[in-house]
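Here is a small set of exercises to work through with the model open beside you. Try each task before reading its solution.

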Amino acid sequence: MSTGQPENKLKLYSHWMSSCSFRVRIALNLKGLKYDYETVNLSIISNPEFLKLNPVGYVPVLADGDVVIVDSFAIIMYLEDKYPHNPLLPLDIHKRAINFQVANIVSSAIQPFQNRTVVKYIGEKVGSDEKLQWTQSAIGKGFKALEKLLKDHARRYATGDEVFLADLFLAPQLHAAYMIYNIDMKEFPILSRLHETYNEIPAFREAVPENQPDAVH
């Protein structure tokens, strides 16, 4: 319902390779929200102007007028609360819990271990040959947990026949597994099938890293 007040144009501070930004782009697309894309150069993430928005120095950051939200999970929940159409959370409390578990496994048990800062540190302290092995090990451990968790819940999508929060976190992680980290997906049939399904959805395809304005091909 219109309040008679002009809507603020959303601005997303993003980087094409950021899986966290990828999640938010999917959410914005699913809700049909227009936004301005502001590229953040991750090599100069300590830029003082950007640090005013997010002192941690990470993307994504969402600006909604004077409101600034950092962290992909917080941004997605903000969008869910402000724009409840095309809901990203199911009504069923158990199914909600599964969605939160999937999001947590991806964001806490996988993604931090493949973070460019961590991988760079591993390369410097242990050796460059260990970087890929480290990342593949972390992703594989998380994927085993996800495969087990989703065994009794996945249908067309992760937790049923509708797209929900779990799918927003899974899609970028699966994309990276295939495109960057060369993960052997044979032991993850559920995740492999979901990856193929996500590639069929326009809101997901439009959000992939390669389709962003700052993508390097």
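Two strands count as paired if DSSP finds at least two bridges between them. Keep in mind throughout that this is a predicted model.

**Exercise 1. Strand pairing**

Task: Find the partner of Leu-10 in E2, and work out how E1 and E2 run relative to each other.

Solution:
- Start at Leu-10: its bridge partner in E2 is Tyr-35.
- Next, look at the whole pairing. Strand E1 (residues 10–14) and strand E2 (residues 35–39) are joined by five bridges, and the two strands run parallel.
- Finally, add helix H1 (residues 19–30): together with E1 and E2, this helix makes a β-α-β unit that is right-handed.

**Exercise 2. Aromatic pairs**

Task: Describe the ring pair formed by Tyr-13 and Phe-50, then the one formed by Phe-73 and Phe-169.

Solution:
- Begin with the total, which is five aromatic pairs.
- One of them is Tyr-13 with Phe-50, whose centres are 6.3 Å apart and whose planes make an angle of 55°. An angle from 30 to 60 degrees counts as tilted, and this pair is indeed tilted.
- Now place the rings. Tyr-13 belongs to strand E1 and Phe-50 to helix H2 (residues 48–53), so the pair ties together parts of the chain 37 residues apart in sequence. Both Tyr-13 and Phe-50 are buried.
- Phe-73 and Phe-169 form a tilted pair too, with 5.8 Å from centre to centre and 55° between the planes. Phe-73 sits in helix H3 and Phe-169 in helix H7, so this pair links parts of the chain 96 residues apart.
- Check the accessibility of each ring: Phe-73 is partly exposed at 28%, whereas Phe-169 is buried at 1%.
- To finish, ring pairs connect Phe-73, Phe-100 and Phe-169 into a cluster.

**Exercise 3. Salt bridges**

Task: For the salt bridge between Lys-82 and Asp-64, decide which parts of the chain are tied together and whether each residue is buried or partly exposed. Then look at two further bridges.

Solution:
- The whole structure holds eight salt bridges.
- In one of them, Lys-82 and Asp-64 meet through their side chains at 2.6 Å, N to O. Lys-82 is in helix H3 (residues 72–82) and Asp-64 in strand E3 (residues 61–64), so the bridge ties together parts 18 residues apart in sequence.
- Use the cut-off of under 20% for buried. Asp-64, with a relative accessible area of 2%, is buried, while Lys-82, at 36%, is partly exposed.
- Move on to Glu-200 and Arg-156, whose closest N and O atoms are 3.6 Å apart. Glu-200 lies in the loop between H8 and H9, and Arg-156 in the loop between H6 and H7, 44 residues apart. Arg-156 is partly exposed, with 38% relative accessibility.
- Last comes the bridge between Asp-184 and Lys-186, at 3.0 Å, N to O. Asp-184 is partly exposed at 46%, and Lys-186 is exposed at 69%.

**Exercise 4. A covered helix**

Task: How many residues of helix H8 are buried, and which helices do they pack against?

Solution:
- Helix H8 (residues 189–198) has ten residues, and seven of them are buried.
- These are Ile-190, Leu-191, Ser-192, Leu-194, His-195, Thr-197 and Tyr-198.
- Their packing partners are helix H6 (130–150), helix H7 (165–179) and helix H9 (202–205).

Key:
Residues numbered from 1 in each chain as written. Predicted model: local features only at pLDDT ≥ 70, side-chain atom pairs only at ≥ 80, totals over all residues. Heavy atoms only, no water. Buried < 20%, exposed > 50% of the residue type's maximum accessible area, 1.4 Å probe, protein only. Helix = DSSP H or I, 4+ residues; strand = E, 2+ residues; numbered from the N terminus. Contact = heavy atoms within 4.5 Å. Salt bridge = Lys/Arg side-chain N within 4 Å of Asp/Glu carboxyl O. Right-handed = clockwise from strand over helix to strand, strands pointing away. Phe/Tyr/Trp six-rings, centres within 6.5 Å; stacked < 30°, edge-to-face > 60°.
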